[in-house]
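This report describes how the parts of one protein chain are arranged. The sequence and the model come first, and the text then goes through them piece by piece.

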Amino acid sequence: MNILECKALTKRYGGKSALEGVDLAIEPGRIVGLLGPNGSGKTTLIKLANGLLTPTSGEILIDGKAPSPETKSIVSYLPDRNALPDWMTAAQTVDYYADFYADFRRDAAQEMIQRLGLDVSARVKTLSKGTREKLQLILVMSRAAKLYLLDEPIGGVDPATRDYILRTIIGNYNEDASVVLSTHLIADVEQVLDEVIFLQNGRVERHASVDAIRGETGKSVDELFREVFKC
């Protein structure tokens with residue numbers, strides 16, 4: 001069964017379409033790049049999959065079910081901005097996630113935080129932007145989820161932090177699960193992707209494996225992306 005499936009999925013805000021007639025399916029065990037320029041519908045699709053928005057028409061299914069409290073128990077979501085309470089310490093954020101999610105792997109989180117060299121008594125509000133993003137990602141990837149939805153996990157951080165984030169994603173996700181990673185920084189993530197979805201103006205322009213793109217076009221995903229989305 002597909003872990004994520006969209007059937008004629010449409011989301012409109014007033015008269016403007018954020019997504020229009022999206023059809024796609026993602027199998028378990030895949031790392032998928034959700035690629036497109038700003039405003040292409042990437043965040044809307046991720047929020048629909050996480051049950052934060054409802055479709056205008058069509059449907060989106062997670063493991064065969066419409067988004068619900070049941071599907072949220074198998075989806076681990078990284079929003080595109082900090083969602084950790086500023087007053088919490090790093091140790092308290094671990095407790096927070098452990099309380100919320102039955103699949104949370106406390107040992108994995110503590111090990112990654114220790115490897116990061118983070119003082120667990122430090123409060124979120126005192127951490128640098130890069131360290132906050134690393135901490136939030138550690139918490140998200142410490143769940144034994146079936147689907148990881150990561151919205152711009154490498155946006156706005158320095159190249160060394162990007163490398164750390166990608167290593168954390170690859171080293172800690174459940175290999176029977178799928179990762180959907182939204183970004184416009186293609187060159188930084190291409191090496192970890194199994195397949196890509198190109199979104200433009202709320203529509204799927206292309207959905208293919210990375211190997212198929214390279215074989216059919218003779219181009220890297222980054223080169224093809226620049227060609228498809230050139231201004």
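The model shown here is predicted. A single residue is a convenient place to start, and Lys11 lies in strand 1. Is Lys11 buried or exposed? With a relative accessible area of 11%, Lys11 is buried, because buried means under 20% relative accessible area. Leaving aside neighbours within four places in sequence, the residues in contact with Lys11 are Lys16, Ser17, Ala18, Leu19, Thr44, Leu48, Leu53, Thr54, Pro55 and Thr56. Asp163 is 152 residues away from Lys11 along the chain, and the C-alpha atoms of the two are separated by 33 Å.

**The sheet around strand 1**

Strands of a sheet pair through backbone hydrogen bonds, either parallel or antiparallel. Strand 1 belongs to an open sheet of three strands in the order 2-1-4, where the pairing is antiparallel. Strand 2 (16-26) and strand 4 (57-62) are the edge strands, and each pairs on one side only. On average, neighbouring strands of this sheet are turned by 25° against each other, direction ignored.

Strand 1 covers residues 4-13 and pairs with strand 2 over seven bridges in the antiparallel sense. Within strand 1, Leu9 stands opposite Val22 of strand 2. Helix 1 (residues 42-49) lies across strand 1, strand 2 and strand 4, and runs at about 115° to strand 1.

**Other strand pairs**

Further strand pairs are set out below.

| Strand pair | Sense | Bridges | Residues opposite each other |
|---|---|---|---|
| Strand 5 and strand 6 | parallel | four | Val75 and Leu147 |
| Strand 3 and strand 8 | parallel | four | Leu34 and Ile197 |
| Strand 8 and strand 9 | antiparallel | six | Glu195 and Ser209 |

Strand 5 (residues 75-78) is covered on both faces. Val75 and Tyr77 are buried on one side, and Ser76 and Leu78 are buried on the other. Strand 8 (residues 195-200) is mostly covered, with five of its six residues buried.

How many residues lie between strand 8 and strand 9 in their hairpin? There are two residues between them, and Asn201 in the turn has a positive phi of about 50°.

**A residue in a loop**

Thr89 lies in the loop between strand 5 and helix 3. Thr89 counts as buried, at 12% relative accessibility. Apart from neighbours within four places in sequence, Thr89 is in contact with Val120, Ser121, Ala122 and Arg123.

**Helices packed on helix 5**

Two packed helices are described by the angle between their axes and the distance between the axes. Helix 5 takes part in two of the crossings described here.

One crossing is with helix 3 (residues 90-100): the two axes come within 10 Å and cross at roughly 25°. Angles under 35 degrees count as roughly parallel, and helix 3 and helix 5 are therefore roughly parallel to each other. Helix 3 passes helix 5 in a right-handed crossing. On the helix 3 side, Ala90, Thr93, Val94 and Tyr97 meet Leu135, Leu139 and Val140 of helix 5.

The other crossing is with helix 4, where the axes come within 9 Å and cross at roughly 155°. Why is helix 4 roughly antiparallel to helix 5? Angles over 145 degrees count as roughly antiparallel, so the angle of roughly 155° places helix 4 and helix 5 in that class. The crossing of helix 4 and helix 5 is right-handed. Ala109, Met112, Ile113 and Leu116 of helix 4 make this contact with Lys134, Leu135 and Ile138 of helix 5. Leu135 of helix 5 thus appears in the contacts with both helix 3 and helix 4.

**Helix 6**

Helix 6 spans residues 159-172, which is 14 residues. What span should helix 6 have at 1.5 Å a residue? The expected span is 20 Å, and the end C-alpha atoms of helix 6 are 20 Å apart, which agrees.

The buried residues of helix 6 are Thr161, Arg162, Tyr164, Ile165, Leu166, Thr168, Ile169 and Asn172. These buried residues pack against helix 4 (106-116), helix 5 (129-141), strand 6 (147-151), strand 7 (178-183) and helix 7 (186-189). Helix 4 and helix 5, which cross each other, are thus both among the elements packed against helix 6.

Technical notes:
Residues numbered from 1 in each chain as written. Predicted model: local features only at pLDDT ≥ 70, side-chain atom pairs only at ≥ 80, totals over all residues. Heavy atoms only, no water. Expected span 1.5 Å × (residues − 1). Buried < 20%, exposed > 50% of the residue type's maximum accessible area, 1.4 Å probe, protein only. Contact = heavy atoms within 4.5 Å. Pairing = 2+ DSSP bridges. Axes fitted to C-alpha atoms, helices over the stretch in contact; angles between N-to-C directions. Parallel < 35°, antiparallel > 145°, perpendicular 65-115°, else oblique. Left-handed = near helix turned anticlockwise from the far one by under 90°.
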